[in-house]
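This report covers selected local features of one protein chain. Please look at the sequence and the model before reading on.

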Amino acid sequence: MARKWYLILLLIICSFTLLISSESKTQQTTAVNFIGHLQTLAVDKIDKDTGRMKGGFIHYIKAEDGKIYQIEDKKGILGKIKPSSKISLSGIMRKNKIVADSVIQLSTKKSALSADESTPETIGEQKTLVALFNYPDKSSEPFTIQDVQNCVINNANSVDNFIRENSYDKTWLNADFIDWHTLPNNSTYYDNDDYTDLLLNDSITILDPEINFQNYTRLIFVYADSGASYGTVGKRYLSSSGDGDFNASVSWINADYMAANKTKTIAHEFGHNLGFYHANVVHNSNNPYFVTESLADPTAMCGTQYYNYGDFDDTMGSGDYNHFSTIWKTQAQWIDASQIQDVKTSGEYPLDQVEFPSDGIKVLRVPLGKDLNNNEFYYWIEYRKNLGTFDDEDTVQIRTKLAATGANEWGYDTKWSNNK
Ligand SMILES: [Zn+2]
């Protein structure tokens with residue numbers, strides 16, 4: 001009798017297991033559609049094997065119920081969507097990630113415009129909160145708040161001066177600084193896939209009693225821990241229990257990076273916050289002017305190599321603390337259409353230096369036809385001079401960028417041997 005019961009019990013368990021397994025299989029392949037805001041996060045870290053910068057971008061949707069889901073964009077369909085836009089996303093839910101199949105942009109974000117609905121958020125004063133955090137198990141203070149103030153505001157090469165010079169004084173930081181706070185959890189608590197959200201939530205919560213987050217559109221949080229640095233591409237919809245919903249960009253600055261190259265790291269993440277992606281390079285060791293196999297797909301290599309971050313002449317690359325390229329400056333509306341000349345025939349065309357304000361042409365664009373999304377794209381030609389605080393050589397630089405919003409720019413490396 002006992003044996004019979006045992007068999008029945010086994011059968012019940014097996015059926016139940018089958019039921020659960022078929023349910024979870026159903027869940028693994030459930031078709032989903034979400035409406036929400038696109039969030040894009042830039043990841044900047046050093047590859048332990050090569051010592052090179054290794055980074056990328058992670059996309060999320062903040063659904064209307066407030067939940068955030070990571071998106072796998074294997075088809076590359078999110079590239080045409082502006083950061084923070086409201087989207088309708090269809091795909092398959094797999095292990096809490098949405099494998100994207102199709103996306104519709106429902107609106108360009110209103111937040112792109114300031115209160116008067118006419119000024120882009122990359123123009124004018126950027127009300128910035130800079131705060132320093134450590135952990136109960138890592139309570140060191142590797143630098144002082146004065147050091148950080150110097151990097152962000154006071155030094156000649158501060159992030160503020162960098163943004164002012166790049167934007168021809170159209171954009172600047174107005175920053176408040178908060179001294180070291182210890183987060184409520186040990187560093188190990190944050191060491192998982194939700195690293196950035198866990199840090200951000202605890203950081204906002206700990207500052208909430210003393211900060212009105214409605215006063216800020218840029219958050220720069222510095223953490224005393226090893227790891228990567230991150231920046232939101234554009235702004236993100238956030239909230240605090242004390243101040244309600246607010247809209248701000250976020251930079252997570254790693255203290256190790258602060259020590260190595262602190263000001264440029266903040267400026268690089270701030271570039272992401274302004275909506276910029278990465279500055280890569282196409283390189284050929286035998287012929288520096290070698291053109292990539294496909295202009296529309298620089299990663300399709302034929303005798304060339306494509307290096308992420310390899311454009312050392314743009315702060316969105318991994319090299320020097322130089323000006324942003326004219327591609328990003330145009331996107332930020334620091335250079336307007338009147339200073340861009342499209343060149344379709346051979347001839348002599350005067351080109352002004354990039355570094356200082358002037359009335360002449362800042363960019364020559366040579367049309368290259370249609371990219372893979374059937375949009376026009378161009379060679380962008382600019383003239384760097386040894387002028388100002390951040391550029392130090394005379395050189396003509398050539399870059400291109402696919403028309404898609406979420407695309408890196410890439411340049412031709414004409415002086416690789418010097419950079420290697
Ligand atoms: Zn980056």
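## Strands, helices and one loop residue

In this predicted model, strand β3 runs parallel to strand β5 (residues 97-107), and three bridges join the two. Within that pairing, I71 has I98 of β5 as its bridge partner.

β3 (residues 68-72) also pairs with strand β2 (residues 53-63); these two run antiparallel and are joined by four bridges. K62 is bridged to I68 of β3. β2 and β3 form a hairpin, with four residues between the strands. In the turn, G66 has a positive phi of about 95 degrees.

The strand pairings are set out below.

| Strands | Direction | Bridges |
|---|---|---|
| β2 and β3 | antiparallel | four bridges |
| β3 and β5 | parallel | three bridges |

Helix α2 (residues 145-154) has V148, C151 and V152 among its buried residues. The buried residues of α2 fall within an arc of 85 degrees when seen down the axis, so they line one face of the helix.

Helix α3 (residues 159-166) is mostly covered, with six of its eight residues buried. The buried residues are V159, D160, N161, F162, I163 and N166. Y168 follows α3 and has a positive phi, near 55 degrees.

Y309 sits in the loop between β13 (305-307) and α6 (326-331). Is Y309 buried or exposed? Y309 is buried, because 21 other C-beta atoms lie within 10 Å and the cut-off for a buried residue is 20 or more. Leaving out residues up to four places away in sequence, Y309 touches M53, G55, H278, A279, N280, G317 and S318. V281 is 28 residues from Y309 in sequence, yet their C-alpha atoms are 7.1 Å apart.

Note on methods: Residues numbered from 1 in each chain as written. Predicted model: local features only at pLDDT ≥ 70, side-chain atom pairs only at ≥ 80, totals over all residues. Buried ≥ 20, exposed ≤ 12 C-beta atoms within 10 Å, placed from the backbone. Contact = placed C-beta atoms within 7 Å. Arc of directions from axis to C-beta. Pairing = 2+ DSSP bridges.
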